[in-house]
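Student: Could we go through a few of the labels attached to this model and check what stands behind each one?

Tutor: Gladly; let's take them one at a time.

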Amino acid sequence: MADETNMAALDAAPERTGFDPVRIALDALAAIGTIWTFGLMLLICADVIGRSFLNAPITGVAEIAAHSVVGIVFLQIGATIHQRRMTRADFLIDRIARAAPALGRAMEVTFLLVGAAVMAFIAWAAWPGVWNSLALREFFGVQGLFTVPTWPFRALIVLGGTAGAVAHLALLPSAIRGR
């Protein structure tokens, strides 16, 4: 017989109390990413319809979609981290935390510090690319037909990396206290 999934436990989210500007900012970035996803879906559908039925494809959809995926991921990663929805081996950490609470807390704090460092490194490493693409007036597409500057997409990597680092650090106090 198959195990029953406890949907109430899956849907239970930590109770949000008080004003949390970090959560609000991260959720706002995620909302922008969601709206962008919806707009991209409409653009792709319009291109498919135009290409298939009207013999009139929309120029640049493939390039826009390719760059948009990265932008959307980096807009939403901070909220994903802050809501503890990043994929990780919770079953192991939870088991260790039950057996040795201090070790579980130490692992959680280490995870958050390493995560913050990795996200900060991503933002730091992407920063020169933003300035280079601005200075060189870098673009993607076909010159004379369809071009889009690359710097906004590169800036989203910096923004998302910074948001991810902030999200990890915002979770640190509760991890130190033991959730």
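Tutor: One definition to begin with: axes are lines fitted to C-alpha atoms, and angles run from 0 to 180 degrees between N-to-C directions. Keep in mind that this is a predicted model. Here the axes of helix α4 (residues 90-99) and helix α5 (residues 101-135) come within 5 Å and cross at roughly 145°.

Student: What makes the contact between α4 and α5?

Tutor: From α4 come Ile93, Ile96, Ala97, Arg98 and Ala99, and from α5 come Pro101, Leu103, Gly104, Met107 and Glu108. These residues divide into 7 nonpolar, 1 polar and 2 charged. Arg and Glu count as charged and Gly as polar.

Student: Which angle and distance describe α2 and α6?

Tutor: Helix α2 (residues 21-53) and helix α6 (residues 151-177) have axes that cross at roughly 140° and come within 11 Å. Their crossing is left-handed.

Student: How do the residues of the contact of α2 with α6 divide into nonpolar, polar and charged?

Tutor: Val22, Leu26, Leu29 and Trp36 in α2 meet Phe153, Leu156, Leu159, Ala163, Val166, Ala167 and Ala170 in α6. That gives 11 nonpolar, no polar and no charged, because Ala, Val, Leu, Phe and Trp count as nonpolar.

Student: Why is Leu136 called buried or exposed?

Tutor: Exposed means over 50% relative accessible area. Leu136 has 69%, so Leu136 is exposed. Leu136 sits in the loop between α5 and β1 (139-142).

Student: How far apart are Leu136 and Trp151?

Tutor: They are 15 residues apart in sequence and 10.0 Å apart in space, C-alpha to C-alpha.

Note on methods:
Residues numbered from 1 in each chain as written. Predicted model: local features only at pLDDT ≥ 70, side-chain atom pairs only at ≥ 80, totals over all residues. Heavy atoms only, no water. Helix = DSSP H or I, 4+ residues; strand = E, 2+ residues; numbered from the N terminus. Left-handed = near helix turned anticlockwise from the far one by under 90°. Contact = heavy atoms within 4.5 Å. Buried < 20%, exposed > 50% of the residue type's maximum accessible area, 1.4 Å probe, protein only.
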